[in-house]
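I opened my notebook to record what I could look up in a single protein chain, going from the whole fold down to one residue. I wanted to keep each entry to what the atoms themselves show.

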Amino acid sequence: MASNASDVKPHKSLILNAFVEMCSGHQSPGLWRHPEDESHRFNDLEHWTELAQLLESAKFHGIFIADVLGGYDVYKGPRNLDPAATSGAQWPVNEPLAVVPAMAAVTKNIGFGVTVTTTYEQPYHLARRLSTVDHLTKGRLGWNVVTGYLDSAARNMGQAEQPHHDDRYALAEEYIKVTYKLWESSWRQDAVIRDRERGIYTDPSGVRQINHEGKYFNVPGPHLTQPSPQRTPVILQAGTSKAGKTFAAQHAEAIFVAGHSPSVVAKNVKEIRELAASEFGRDPRSIKFLALLCPVLGKTEEEAREKFEYYRSLGSIDGALALFGGWTGIDLDKYGDDEELRHVESNAIRSAVEGWSKATPEVAKWTKATVGQHITVGGLGATPVGTAAQVADNMERWVEEADVDGFNLAYVVKPGSFKDIIDLLIPELRRRGLFWDDYAVPKGTYRENLYSEPGQSGPRADHPASKYRWNAGVDASDAPIPEN
């Protein structure tokens, strides 16, 4: 029986971000050995400006820059950096915010998401840095709010170990509210008047203290920086623990999810959307979920398979297991080389292996070597291998089964993987009506193009940051007064 037009599910126009880090290799440890890889140029400014121009030419929504504040020192540990250092597994790594203004200077539309933790830095300081870069990029900045996951970072920040997981999120909850107050409530939108005749640069009645007094922070204010184009940068997030889901449901505008198959992340997506609506009164569709994907593309399936096998031959098993140790806190070195990991005592390892087994049934026995090999190309995310049509089919399955809105596209070889995406995959996505032909808001803010909504430079009305906004022309007595 033919279905009615109303029964046909409309295509989503996918959000595509490039997923990078200021290091060599990122999600594919050891692939810096590939003769065409240029990720080792991460110290060169031109490497980043060229990448930004390449991705903007293909109309990518954004460049998401991951970050860590410590080394991956769990594998063959304790506190052993040798595997990560030898393989170049996210080591060395540079500070990501510094390169964003240079990329913005050679582009006009693409957004920039930057990872900064709430655990080791005062919100007053970070709020100014992010406002500054939002000004310099003309409103194209996003903040990936993380709480950290490496004890090595905690030790270098003067702590014996990380604060407890839920304590980190409690701190992050207060932290982000401090930044909302600074960005949205400390300045009236039109406080800077630059009145030459009267000699008034800023109307002092349009600036006020926030007087935040909380459990973790005391911040009187006011904010050092005048309102930037977005005021609050796009809020990005990646946690899927219970505390992470609650934080994301309240604050996140885009959420990064990773798993080997759609079924792994579908439950989290559904739960966060439901929580956002029921607990925080947000439109659940306003939260954009982006799945980690590292496609290996070829003009034929055989070409893609050959490319994938060559990539695997160059990958570093030690580097992959160093990353796994940092991501999970589990040192696989204590297991024998031939020990089958589906039978070990660790629930985390067994569940991970079961998931990989379903997604990759051709692997007969999962040992630490096969786990490492699996991670060498694309990390813990999905790595579809095939033609553009096959990879596009895979992406449509993610949208259908997991309800994601787009993808964080990782590379194996940089910029070669992104060039394959641009030359092969994006034309196929456009043919299917799955990707835009141009930016929805030319020269718009990151938020406007994320939502394809002209004029939506600030947080949406149902987002918690919006309730703090001090709009133009509003007297201080009538403006929202932030509560502690």
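The entries below begin with the whole chain and end in one loop.

**Entry 1: the whole chain.** I noted before anything else that this is a predicted model, and I kept that in mind for every entry. I counted the elements and found 15 helices and 14 strands in the protein chain. I then looked up the radius of gyration, which is 23 Å and close to the 23 Å that the globule rule gives for 484 residues, so the chain is as compact as a globular protein of that length. Along the principal axes, I found that the C-alpha atoms fill a box of roughly 75 × 60 × 50 Å.

**Entry 2: inside and outside.** I asked how many of the 484 residues count as buried, and the figure is 57%. For the surface, I wrote down that the chain exposes about 20,300 Å², with carbon and sulfur atoms supplying 49% of this area. I also looked at the charges, 52 positive and 64 negative, and found that their mean positions are 3 Å apart. Turning to contacts with a separation of 6 or more, I saw that 78% of them are between residues 24 or more positions apart.

**Entry 3: strand β3.** I chose the strand made of residues 111-117 and checked its cover, and 7 of its 7 residues are buried. I then took its two faces in turn: G111, G113, T115 and T117 lie on one side, while F112, V114 and V116 lie on the other, and both faces are covered.

**Entry 4: the partners of β3.** Which strands are joined to β3, I asked, and how do they run? I found that β2, residues 62-66, is joined to β3 by 4 bridges and that the two run parallel; in this pair, I63 stands opposite F112. I also found 6 bridges between β3 and β4, residues 141-146, and these two strands run parallel as well. Here I noted T117 of β3, which stands opposite V146 in β4.

**Entry 5: T118.** I followed the chain to T118, which has its place in the loop between β3 and α4, the latter spanning 123-136. Is T118 buried or exposed, I asked? Its relative accessibility is 0%, and because buried means under 20%, T118 counts as buried. I finally listed its contacts, leaving aside neighbours within four places in sequence, and they are W143, V145, V146, T147, L171, A172 and Y175. Among these, V146 had already appeared in my notes as the residue opposite T117.

Terms used: Residues numbered from 1 in each chain as written. Predicted model: local features only at pLDDT ≥ 70, side-chain atom pairs only at ≥ 80, totals over all residues. Heavy atoms only, no water. Rg over C-alpha atoms; globule rule 2.2 N^0.38 Å. Buried < 20%, exposed > 50% of the residue type's maximum accessible area, 1.4 Å probe, protein only. Contact = heavy atoms within 4.5 Å. Areas by Shrake-Rupley, 256 points an atom, 1.4 Å probe, with all protein chains shown as cover. Lys, Arg positive; Asp, Glu negative; His and termini not counted. Charge placed at Lys NZ, Arg CZ, Asp CG, Glu CD. Pairing = 2+ DSSP bridges.
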